[in-house]
Amino acid sequence: MTTKRSITVTVNGQKHQSEVEPRTLLVHYLRETLDLTGTHIGCNTSQCGACVVLVNGEAVKSCTVLAVQADGTEVTTIEGLAPEGSLHPIQEGFWEKHGLQCGFCTPGMIMASYQLLKNNPHPTEAEIRRGLEGNICRCTGYQNIVRAVQDAAERMSTSAETPVPTGD
């Protein structure tokens, strides 16, 4: 018999207290407990990157993190990138430059792009490709994704706004 554990996690700025099974993955907690279904489950083996979220401002594959490990952290999902009804510059870049097709990998790609642009606000094409290596898109040749990240970098460099919550 497994005893549930109490956790407190701030997700997209809202504090949540929950009882979870110790083996519950963060991706399942977000989707099933909090009903935040923008974080996708792709492979369950950390290979595809569809489940990337920010934990304390750092990109992580949420299929590799237990919900109990997120206790006391700040998590940002794709739903928390921008205020409701608006788009973050990275989301705008993906929209404008057609950096998506089926959209399944898009939330993870956008969250990984955030990490990349946080660490390198003006990446080269090669740096973008290297920064997104852990994310797989089965629909595209990645060229429009690279263009979308380049566009987002430009948008963010001309914007006075803070790009996303950092959790720092």
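This short talk walks through one predicted model, looking at its helices, a strand pair, a few loop residues and the cysteines.

Let me begin with the helix called α3, which covers residues 106-119. If we allow 1.5 Å a residue, its 14 residues should span 20 Å, and the end C-alpha atoms are indeed 20 Å apart, so the expected and the computed lengths agree. Is this helix largely enclosed or largely open? Twelve of the 14 residues of α3 are buried, so the helix is largely enclosed by the rest of the structure. If you would like to find them on the screen, the buried residues run through Thr106, Pro107, Gly108, Met109, Ile110, Met111 and Ala112, and they continue with Ser113, Tyr114, Gln115, Leu116 and Leu117. What covers these buried residues of α3? The cover includes three strands, namely β3 (52-55), β4 and β5, and it also includes the helices α2 (89-96), α4 (125-131) and α5 (143-158).

Since α5 has just appeared as part of that cover, let me turn to it next. Helix α5 has 16 residues, and from its first C-alpha to its last it reaches 23 Å, which is close to the 22 Å expected at 1.5 Å a residue. Its buried residues are Ile145, Val146, Ala148, Val149, Asp151, Ala152, Ala153 and Met156, and these pack against α2, α3 and α4.

Helix α2 is also where we find Trp95. Is this tryptophan buried or exposed? With a relative accessibility of 60%, Trp95 counts as exposed, because the limit for that word is over 50%. Trp95 and Leu54 are 41 residues apart along the chain, and their C-alpha atoms are separated by 21 Å.

Now to the strands, where β3 and β4 run antiparallel and are joined by four bridges. Within this pair, Val53 stands opposite Val60 in β4. The two strands form a hairpin with two residues between them, and in that hairpin Asn56 takes a positive phi near 50°.

Asn56 leads us to Thr73, because the contacts of Thr73 include Asn56 once atoms within 4.5 Å are taken as touching. Thr73 lies in the loop between β4 (58-61) and β5 (74-76), and at 10% relative accessibility it counts as buried. Leaving aside neighbours within four places in sequence, Thr73 is in contact with Thr8, Val9, Thr10, Val55 and Asn56. The side chain of Thr73 also reaches the backbone oxygen of Ala70, at 2.6 Å. As for Gly57, it is 16 residues from Thr73 in sequence, and the two C-alpha atoms are 9.7 Å apart in space.

The loop between α1 (26-33) and β3 holds another threonine, Thr39, and I would like to compare three residues of that loop with some care. Thr39 is buried, with a relative accessible area of 1%. Not counting residues up to four places away in sequence, Thr39 touches Val27, Leu30, Arg31, Ala50, Cys51, Val53, Ser62, Thr77, Ile78 and Glu79. Asp35 lies in the loop between α1 and β3 as well, but at 59% relative accessibility it counts as exposed. The third residue, Ser46, is also in the loop between α1 and β3, and it is partly exposed, with a relative accessible area of 24%. Asp35 has a phi near 60°, which is a positive value in a residue other than glycine, and Ser46 likewise has a positive phi, near 70°.

My last topic is the cysteines, one of which, Cys51, we have already met as a contact of Thr39. How many disulfides does the model contain? The count comes to zero. Cys43 is in no disulfide, and the nearest cysteine sulfur, that of Cys48, is 3.7 Å away. Why does Cys51 not form a bond with Cys63? The sulfur of Cys63 is the closest cysteine sulfur to that of Cys51, but at 3.8 Å it is too far for a bond, because a disulfide requires the two sulfur atoms to be within 2.5 Å. The surroundings of Cys43 and Cys51 can be described too: Cys43 counts as partly exposed at 24% relative accessibility, whereas Cys51 counts as buried at 4%.

Conventions:
Residues numbered from 1 in each chain as written. Predicted model: local features only at pLDDT ≥ 70, side-chain atom pairs only at ≥ 80, totals over all residues. Heavy atoms only, no water. Buried < 20%, exposed > 50% of the residue type's maximum accessible area, 1.4 Å probe, protein only. Polar contact = N/O pair within 3.5 Å; in protein donor to acceptor, adjacent residues only side chain to side chain. Expected span 1.5 Å × (residues − 1). Pairing = 2+ DSSP bridges.
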